Amino acid sequence: MPAYDAAAVAALADQQVSWRDKALPPGFWGRTVAEVVADRPRLSQLPTPLMTLSAPGLRHNVDTLDTWCKRHGVELAPHGKTTMAPALWAMQLDAGAWGITLANGFQLGVARAYGVQRVLIANAVISPLQLRWIADELAADPSFEVMVWADSVRTVEIMEAARSAYVGPDARPLDVMVEVGGIGGRTGARDAETALAVGHAIADASTLRLVGVAGYEGAIGHGVDEANLEEVRAYLRDLAEVHHRLKSVYDADVVPIVSAGGSQYFEQVAKVLASEAGDGARVVLRSGAYITHDDGLYRRVSPLGEHPRTDGEQLVSAMHGWMRITSQPEPGLAIFDGGRRDFPFDQDWPEPQLIRPRAEGSPILPATGMTVTNLNDQHGYLRFGDEQSVVIGDELRVGLSHPCTAFDKWGLIPVIDDPDAADPVIVDLVRTFF
């Protein structure tokens, strides 16, 4: 079976753009995505503020991590919550991703609308409504696979009660993974005995099936120095130990999954867990932010960032913001037309990078000596010194930090051919669902 519904993804190009799409000007409204892209519009034809994706950057990052995973003997189920863009999920699946990771029932609904066949929900699902809907999806599509997490016996009891009251004895079981946590982390069983009790409860349930163990080391590590990396490795060793102690509990036909790995420590996951793949398990990373990387958080901490900790090509930033100077109310201060509703701000402020040509034939200028110091809802504050000035009307490109809080501000995102060009060409429009 195909990994997703290619026809449904292709049909995104037939959707009309409208006033709901803040990335596009009124002159494009009423046309389909395919019609807009066919005209190869330029960046200069779009309003600011704006977020764009880089076509070559996306391609580079997807291919880079796919190659890295194959080299290190692990699978990849990228976290789709980062982008919530079925077209980008399709790109990742086409490159060899084992499945797509999601976080909740709503996101699973988007995946099912676009025919994604294998989904790992990195969360517990205890809503009876959602559990019944998932049961219906499993019954309707024998090739659909979904895995959820549990970190307590109580969670298992709730799932079993909701399902046993709804499905018959011959229904497909719901696949469940034991979530292993750590002190100071997020969710997850805090000790091996609790995790083992959860695993046995899943195996004993009549409508559930134990399929592996999982966790999130990003909630454990707090830096990338050796002490923090060892803390992450220690957690991953604990995760592996729970898997080993549950081996006798898995059904004979189950290839158990051992899953960890965000975008900050995936090289540590491979270092500690990849050997499990040679011992009959499937090791699955869930990195999501790598697809765009960034000019902030992940540039600093990614194993393939500006300070690489593993082999392979470095990731590149494939997302940028564009904003226009609208006011210079006092010396050294300019106000621009983008704010918190346009650009991510939870990790770092946008990073000024360049000033687009002020007139045809003029050069691109570096945005040296400029700093974004604050964002309001719809405005941003740009400070600059004597060595570089801006004027009202200047359009700046900014680097963005943290993809997960960038995509959710844009329902339709232009993809450009070259973010370093004077006037890039729009080669695609990516639809998101948040």
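1. Start with helix H9 (residues 226-245) in this predicted model. Glutamate 230 and arginine 233 both sit in H9, three residues apart, or about one turn of the helix. An α-helix has 3.6 residues a turn, so residues three or four places apart point the same way. Here the two side chains form a salt bridge, with the closest N and O atoms 3.1 Å apart. Glutamate 230 is partly exposed at 31% relative accessibility, whereas arginine 233 is buried at 10%.

2. Now look at a salt bridge between two strands. Arginine 324 pairs with glutamate 395, and their closest N and O atoms are 3.6 Å apart. Arginine 324 belongs to strand E10 (residues 319-330) and glutamate 395 to strand E16 (residues 395-399), so this pair ties together parts that are 71 residues apart in sequence. Arginine 324 is partly exposed at 28% relative accessibility, while glutamate 395 is buried at 8%. Back in H9, there is a bit more to add: salt bridges with shared partners join Glu226, Glu230, Arg233 and Arg237 into one network.

3. The whole structure has 30 salt bridges by the search. Another one to click on is aspartate 39 with arginine 31, where the closest N and O atoms are 2.5 Å apart. Aspartate 39 is exposed at 52% relative accessibility; arginine 31 is partly exposed at 24%.

4. Next, the domains. Domain 1 is made of two stretches, 6-54 and 315-431, and domain 2 covers 55-293. The contact between them draws on 20 residues from domain 1 and 23 from domain 2. Their C-alpha centres lie 34 Å apart.

5. What holds for the interface itself? About 1800 Å² is buried between domain 1 and domain 2, with carbon and sulfur atoms giving 71% of that area. The rule finds zero salt bridges across this interface, but five residue pairs are in polar contact there. On the domain 1 side, helix H1 (6-10) and strands E1 (50-54), E17 (412-416) and E18 (426-431) each supply at least two residues. E18 gives the largest share, three residues. By class, that side has 15 nonpolar, three polar and two charged residues.

6. Threonine 432 is in the segment after E18. It is buried, at 7% relative accessibility. Its side chain reaches the backbone oxygen of tryptophan 410 at 2.5 Å. Leaving aside residues up to four places away in sequence, threonine 432 touches Thr83, Met84, Ala85, Phe407, Trp410, Gly411 and Ile413.

7. Helix H5 (residues 105-113) is worth a look too. Its buried residues are Gly105, Gln107, Leu108, Val110, Ala111 and Arg112. They pack against helices H4 (86-94) and H6 (128-140), along with strands E3 (100-102), E4 (118-121) and E5 (145-150). At the start of H5, a side-chain oxygen of asparagine 104 comes within 3.3 Å of the backbone nitrogen of phenylalanine 106. After the helix comes glycine 115, with a positive phi near 70 degrees.

8. Last, valine 213 in strand E7 (residues 208-214). Is this valine buried or exposed? At 0% relative accessibility, valine 213 counts as buried. Beyond residues up to four places away in sequence, its contacts include Met177, Val178, Leu239, Val242, His243 and Tyr250. The C-alpha atoms of valine 213 and leucine 138 are 21 Å apart, with their positions 75 residues apart along the chain.

Methods
Residues are numbered from 1 along each chain as its sequence is written. This is a predicted model: local features need pLDDT of at least 70, side-chain atom pairs count only at pLDDT 80 or more; totals for chains, interfaces and linings use all residues. Side-chain values use heavy atoms; hydrogens and water are left out. Helices (H or I, at least four residues) and strands (E, at least two) are DSSP runs, numbered from the N terminus. Buried means under 20% relative accessible area, exposed over 50%, partly exposed in between (1.4 Å probe, protein chains only). Contact means heavy atoms within 4.5 Å. Domain bounds come from an automatic or database domain assignment. Buried area is the accessible area (1.4 Å probe) that two parts lose on being put together, summed over both. A salt bridge is a side-chain nitrogen of Lys or Arg within 4 Å of a carboxyl oxygen of Asp or Glu. A polar contact is a pair of N or O atoms within 3.5 Å; within protein, one must be able to donate a hydrogen and the other to accept it, and residues adjacent in sequence count only if both atoms are side-chain atoms. Ala, Val, Leu, Ile, Met, Phe, Trp, Tyr, Cys and Pro count as nonpolar, Asp, Glu, Lys and Arg as charged, and the others, Gly among them, as polar.
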